[in-house]
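Colleague: I should be grateful for a close look at a single part of this model, namely the way in which its strands are joined. Please begin with the terms that a first-year student will need, and then place that part in its surroundings.

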Amino acid sequence: MSALLELRGLGKRFGGIEAVRDVSLTVQPGEIVGLIGPNGAGKTTLVNLITGVHRATAGTVRFEGADVTYQRPHEAARRGLARTFQVVQPFPQMTALENVTAGALFAGAAGSVAAARRDALAQLERVGLGAEAHKPASILTLPSRKRLELAKSLAMKPKLLLLDEVNAGLNSSEIDAALALIRGIAAEGVTLVLIEHLMKVVLSLSTRIVVLHQGALIADGPPKTVVDDPRVVEAYLGARFAQRHVQARDSHA
Amino acid sequence: MRAWTLPVLAAWIAVLAATPFVGDNYLVKIATFVAFYAALALSWNFIGGLAGYPSFATAAFVGLGSYAGALVQNAGAPIVVAWIAAAGVCAMAAAALGAIVLRLRGHYFAIGSIALVEILSLVASWWSGLTGGGEGLNLAFLPGGPDTIARVFLYAMLGIAVLALVTTVAVTRGRLGFGLRCIAQNEDAAEMVGIPTTRYKMAAFVLSAVFCGAAGAAYASWVAYIAPSDAFSILLTVKVPVMVLLGGAGTVLGPVLGATALVLLEETVWARFLEFHQAILGAVIVALIFFLPGGLLGLAARRRTA
């Protein structure tokens, strides 16, 4: 099976800061990869490198076998590489429907504005925003705007969808609904990369977890193995806690 | 587009076209100016209204078009050929210059675009072997009496305005218009949903230049004399965006209404205040910013929702 996304030695330097360094990662079709790491680990920068927002200063990005390291964001979108933004990016004066229509029209399969609107309405209903389709995006609540962002990226008919903290700020019943929604998306054959702080979400959805710390990949494997990895615990909680964690685990065993 | 947009536009075209049959040449001249400014305002609307890029390059393309048209006409070509050539020259110039200034955003773009006017004006002054320099260029008058000439240029300007109008309707209904509206609101997000923003902005800039070029060339044929200071007028470059803002930016009807309103205002009010008319234009700009951010059409929309 050939990889959907393949990063090799990927790096990004902003002046003296190395935000991402030497990241090599392969995502196979159908996977749900959880990308976790402490604040400032470089998760969003990595997504920006994959989608062409930033230019890599080292390494390569391959998507479906093609070298796309220096693609522009709109080319990524048309290739089937969609992402949501941690800080939502709506078109504020457009209605929710028009926002999603943009995704369907320019990156999705729609051939005309009218067809794109039909697609968009279906996606809005799917994420539970059907009733708010004709409201301006600027008056939606934050959880609604997160769902709008999701509907917009779904309308782009992606092959790989990078969800950047799409569940942040949701309460626990909303999260359960979001989990069902994300599972549904994956079941349709969309490969997912989840950037997420909520461990409940990451652990219940991911087929694999990768951990980024200070710009470098420090762990990659099945969820259970990764969360018990002392280096991962250390990255989150510091060295002393990591030691204690290992001792506690060993004494239980 | 509102339901009454097309009827209003049809009435506007009919009234302008009827002026030679109901009034004297002074009225026809005003109608010609209304059509001329409507064409320029509709042009500006592509880049300034739809794409949200505050361009002050209108006079650059009007001036370039008038010089290109004048030179082609003086070389012996029929005037319509000269106007089409001027439109083509402006389209190519817009593509080349757009590649530079469209890298800028917001205020920087505004300054960059106004620089185009100054640069082209300097070129026209310096290159006296081609353009006649500061002495300007004379064009041959059309045959026929003043009545005929007045009518020919009214219908020519009206034709250019209608072409700009038809293009506007087509653009606002299609992908390009949708993409440009996305760019106006959030260019990064537009890029993210798959809109090739550079190409779209370039298309808007070229569209904003084409009809300016044709209208500028027709204007040069009409007045039969052009000089750098008139052709590349800074006042024109400010007036046209004010017209669009007055009517309602990004709409089909707004530029037409705004251009008509400002030309009529100019003829009836400003002509009586020759020393102060630029100050009055300034007051109109300030009033627009404070009281009518959505233009006259925005006012109508506010009434309806209130």
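Modeller: Two strands are said to pair if DSSP finds at least two bridges between them. In general, strands of a sheet pair through backbone hydrogen bonds, and the pairing is either parallel or antiparallel. Please keep in mind throughout that this is a predicted model.

I begin with the open sheet of four strands in chain A, whose order is β2-β1-β4-β5 and whose pairing is antiparallel. Its edges are formed by β2 (17-27) and β5 (66-67) of chain A; each has a single partner strand, so one side of each is left without a neighbour in the sheet. Within this sheet, strand β1 (residues 5-14) and strand β4 (residues 58-63) of chain A are joined by five bridges in the antiparallel sense. One position can be located exactly: G11(A) has A58(A) in β4(A) as its bridge partner. Against this sheet packs helix α1 (residues 43-50) of chain A, which touches β1, β2 and β4 of chain A. The direction of α1(A) makes about 65° with that of β2(A).

The other sheet to consider is also open, but it is built from six strands of chain A in the order β6-β7-β8-β3-β9-β10, and its pairing is mixed. Here β6 (81-83) and β10 (216-221) of chain A stand at the edges; since each has a single partner strand, one side of each is left without a neighbour in the sheet. On average, neighbouring strands of this sheet are turned by 20° against each other, direction ignored.

Strand β3 (residues 32-36) of chain A deserves particular attention. In the order of the six strands, β3(A) stands between β8(A) and β9(A). With strand β8 (residues 191-195) of chain A, β3(A) pairs in the parallel sense over four bridges; in this pairing, I32(A) has L192(A) as its bridge partner. With strand β9 (residues 208-213) of chain A, β3(A) again pairs in the parallel sense over four bridges, and here V211(A) is the bridge partner of I36(A).

Which residues cover the two faces of this strand's surroundings is a separate matter from pairing, and burial is the term to use. A residue is called buried if 20 or more other C-beta atoms lie within 10 Å of its own. By that test, five of the five residues of β3(A) are buried, and the strand is mostly covered. Both of its faces are covered: I32(A), G34(A) and I36(A) are buried on one side, and V33(A) and L35(A) are buried on the other.

From β9(A) one may continue to the edge of the sheet. The pairing of β9(A) with β10(A) is antiparallel and runs over five bridges. In β10(A), the residue opposite L212(A) is L217(A).

The surroundings may now be added. Chain A is divided into domain 1 (1-80 + 158-225) and domain 2 (92-155). The centres of these two domains of chain A, taken over C-alpha atoms, are separated by 23 Å. Where they meet, 10 residues of domain 1 of chain A are in contact with nine residues of domain 2 of chain A. On the domain 1 side, α2 and α6 (172-187) of chain A each supply at least two residues. The largest share of that side, three residues, comes from α6(A). By class, the residues on the domain 1 side divide into seven nonpolar, one polar and two charged.

A residue of helix α4 (residues 113-126) of chain A offers a further example of burial: Q123(A) has its place there. Because 25 other C-beta atoms lie within 10 Å, Q123(A) is buried. Leaving aside residues up to four places away in sequence, Q123(A) touches V100(A), A151(A), L154(A) and A155(A).

Finally, chain A also meets a partner, for 17 of its residues are in contact with 16 residues of chain B. On the side of chain A that touches chain B, the elements giving two or more residues are α2 (73-79) and α3 (96-106) of chain A. The residues on that side divide into 11 nonpolar, four polar and two charged.

Definitions and conventions:
Residues are numbered from 1 along each chain as its sequence is written. Chains are lettered from A and ligands numbered from 1 in the order in which they are written. This is a predicted model: local features need pLDDT of at least 70, side-chain atom pairs count only at pLDDT 80 or more; totals for chains, interfaces and linings use all residues. Two residues are in contact if their C-beta atoms, placed from the backbone, lie within 7 Å. Ala, Val, Leu, Ile, Met, Phe, Trp, Tyr, Cys and Pro count as nonpolar, Asp, Glu, Lys and Arg as charged, and the others, Gly among them, as polar. A residue is buried if 20 or more other C-beta atoms lie within 10 Å of its own, exposed if 12 or fewer, and partly exposed in between; C-beta atoms are placed from the backbone. Axes are lines fitted to C-alpha atoms, for helices over the stretch in contact, and angles run from 0 to 180 degrees between N-to-C directions. Domain bounds come from an automatic or database domain assignment.
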